[in-house]
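Here are some notes to read alongside the structure, written for someone opening it for the first time. Have the sequence and the 3D view side by side as you go.

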Amino acid sequence: MKDIDTLLKESKRIHFIGIGGAGMCPLAEILLSLGYDVSGSDNNDTETFRKIEKEGAKVFLGQSKENIDENVELVIYTNAILKGNDELEYAKANLPTFERAELLGAMSRIFSNCIGICGTHGKTTTSSMTTQILLEAGLDPSAVIGGKLAAINAYGRFGKSQNFVCEACEFNNTFLHMNSDMAVVLNIDEDHLDFFGNLENIKKSFREFCEKTTKTIIYNADDKNTVDMLKGISGKKLVSFGTTDECEWSAKNITLPGGFSSEYDVYHNGEFLAHVELSVPGGHNILNSLAAFAASYISGAKTNSICSALKNFKGAGRRFEICGEYNGITLVDDYAHHPKEIEVTLNAAMKMGYKRVWAVHQPFTFSRTANLLNDFARVLQIADKCIVSEIMGGREINEIGIKASDLSSKIPNCIQIDSLADIADYLAENCESGDLVITLGCGDVYKVSRMLAEKLKTHN
């Protein structure tokens, strides 16, 4: 069978199994922009599923082999599809069929400046920042982002330059299919242990990703695991960023007043370069934005354009996304699903001056919940109040017997409510004016904010 790079050049009719997923949707959007005839299916009737339909894809709700018509030349599927799926099994038996990561890898080799942004935390925000900077700088990038960027109202775009901003995810070694020209390494932490097993294996995968990078590696020198991972690597230009004088790109004079703003000075090779003002909360976004600054500057963006775009950036979808204020109650949604991510998000929220902060957490996968149970319990205590939903198993079967109550019982001021609808009911009855409710998780916990908003609208 021909490789995917060749098939992508030769095919015009491409079918996506799981087209509504956050990782699949931007690839489909780019292919539509390139003139491909795109179809796809999904079991979930989501906003992204309907969006790709409006953009011209032929979509099917539900999955069966009948969704694949006689004109399909190439099939792409997400690794979230469970074994035995009728549509996927038919595709594998009859057509060239590749996993989403393989398509992303092929697309990375089309561009001469593919910026692969990786890290356990912060990938979507940094990819979004970099995309917005290059857009506002007139450098017309293509992009594949794991969250919706308001500046393009999409998860991806096709530009006419050689700049390609790509969120490079480590899960299942997805990013090892890529050949980035510029790698940005934000951090390395213990996650996806059901796949990697331990931290050393995670480091090995990040190192392989960096070794496959053709030109430049921009890395977080404040992160010990990242520095360790890069020891002895050669044949690439290494560019450091962080908060110390030793870094090529350094953030100094950092001000974190709380609320949705922060600022700092950028020093390049020890010399002051620019003052940056951000419109997104949290100290973690200082380093995210500094990484985006460095990658954009190296890609040709001017300093004033970078600073302007960073100030204009109001966040990516599901990254401390404000869902509205109703009866004095502010609703925010965040994708955080790892203890480190929840910790920085809740610490930022607690500094914003709200009467009480409610954390609504939907645990994702049984293995992650079990492996990091005590860490989840520790960080969820940061909030004034906490609600834990049932565990969303995702791709897993609960063979270890973990329950949501195993987590909630470890957290003071926490209750466990299985149903998202019941959580919204509880919040509607117990929240008060001046409270902040933040939903946390990578599943469908965001629905709580939407249901709660409707209930609060009817409360006087």
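Which element gives the largest share of the lining of the largest cavity? Keep that in mind for point 1, and remember throughout that this is a predicted model.

1. The answer is α13, which supplies three residues to that lining. The search over the whole structure turns up one cavity of 30 Å³ or more, and the space inside the largest cavity comes to about 60 Å³. Besides α13 (366–371), α7 (193–196) also gives two or more residues to the lining.

2. Now for who sits around that cavity. One run of names in the lining is Glu190, Asp191, His192, Leu193 and Asp194; the rest are Thr365, Ser367, Arg368, Asn371, Leu372 and Arg395. Sorted by class, five of the lining residues are charged, four are polar and two are nonpolar.

3. Straight after this region in the numbering you can look at helix α14, residues 373–380. Its buried residues are Leu373, Phe376, Ala377, Val379 and Leu380. What do they pack against? The partners are the helices α12 (339–350), α13 and α15 (404–408), along with the strands β18 (357–361), β19 (385–388) and β21 (436–440).

4. Next, the second largest pocket, with a volume of about 200 Å³. Its lining counts 14 residues, and those nearest the centre are Leu8, Leu34, Ala106, Met107 and Ile110. Three elements each give two or more residues here: α1 (4–10), α2 (25–33) and α5 (100–108). The largest share, three residues, is from α1. As for class, ten lining residues are nonpolar, two are polar and two are charged.

5. Helix α2 turns up again in the strand layout. Together with β1 and β2 it makes a β-α-β unit, and that unit is right-handed. Strand β1 (residues 13–17) runs parallel to β2, with five bridges between the two. If you want one pair to click on, Ile17 has Ser41 in β2 as its bridge partner.

6. How does the chain get from β2 to β3? It passes through helix α3 (residues 47–54), in another β-α-β crossover that is right-handed. Strands β2 and β3 (residues 58–61) are parallel, joined by four bridges. Ser41 is worth a second look, as it stands opposite Phe60 in β3 and is also the bridge partner of Ile17. Is β2 (residues 37–42) mostly covered or mostly open? Mostly covered, with five of its six residues buried.

7. For an antiparallel case, go to β14 (residues 262–268) and β15 (residues 271–278), which pair over seven bridges. Ser262 faces Leu278 of β15 across the pairing. The two strands form a hairpin with two residues between them, and Asn269 in the turn has a positive phi of about 50°.

8. Last, a single residue to check: Gln132, in helix α6 (residues 123–136). Why does Gln132 count as buried? Because its relative accessibility is 7%, and the cut-off for buried is under 20%. Setting aside neighbours within four places in sequence, Gln132 is in contact with Leu149, Ala151, Ala309, Asn312 and Phe313.

Definitions and conventions: Residues numbered from 1 in each chain as written. Predicted model: local features only at pLDDT ≥ 70, side-chain atom pairs only at ≥ 80, totals over all residues. Heavy atoms only, no water. 1 Å grid on protein atoms, 1.4 Å probe; cavity = no way out; pocket = protein on both sides within 12 Å on 5 of 7 lines; lining within 4 Å. Points joined across faces, edges and corners; volume = space filled by probe spheres on them. Nonpolar A, V, L, I, M, F, W, Y, C, P; charged D, E, K, R; others polar. Pairing = 2+ DSSP bridges. Buried < 20%, exposed > 50% of the residue type's maximum accessible area, 1.4 Å probe, protein only. Right-handed = clockwise from strand over helix to strand, strands pointing away. Contact = heavy atoms within 4.5 Å.
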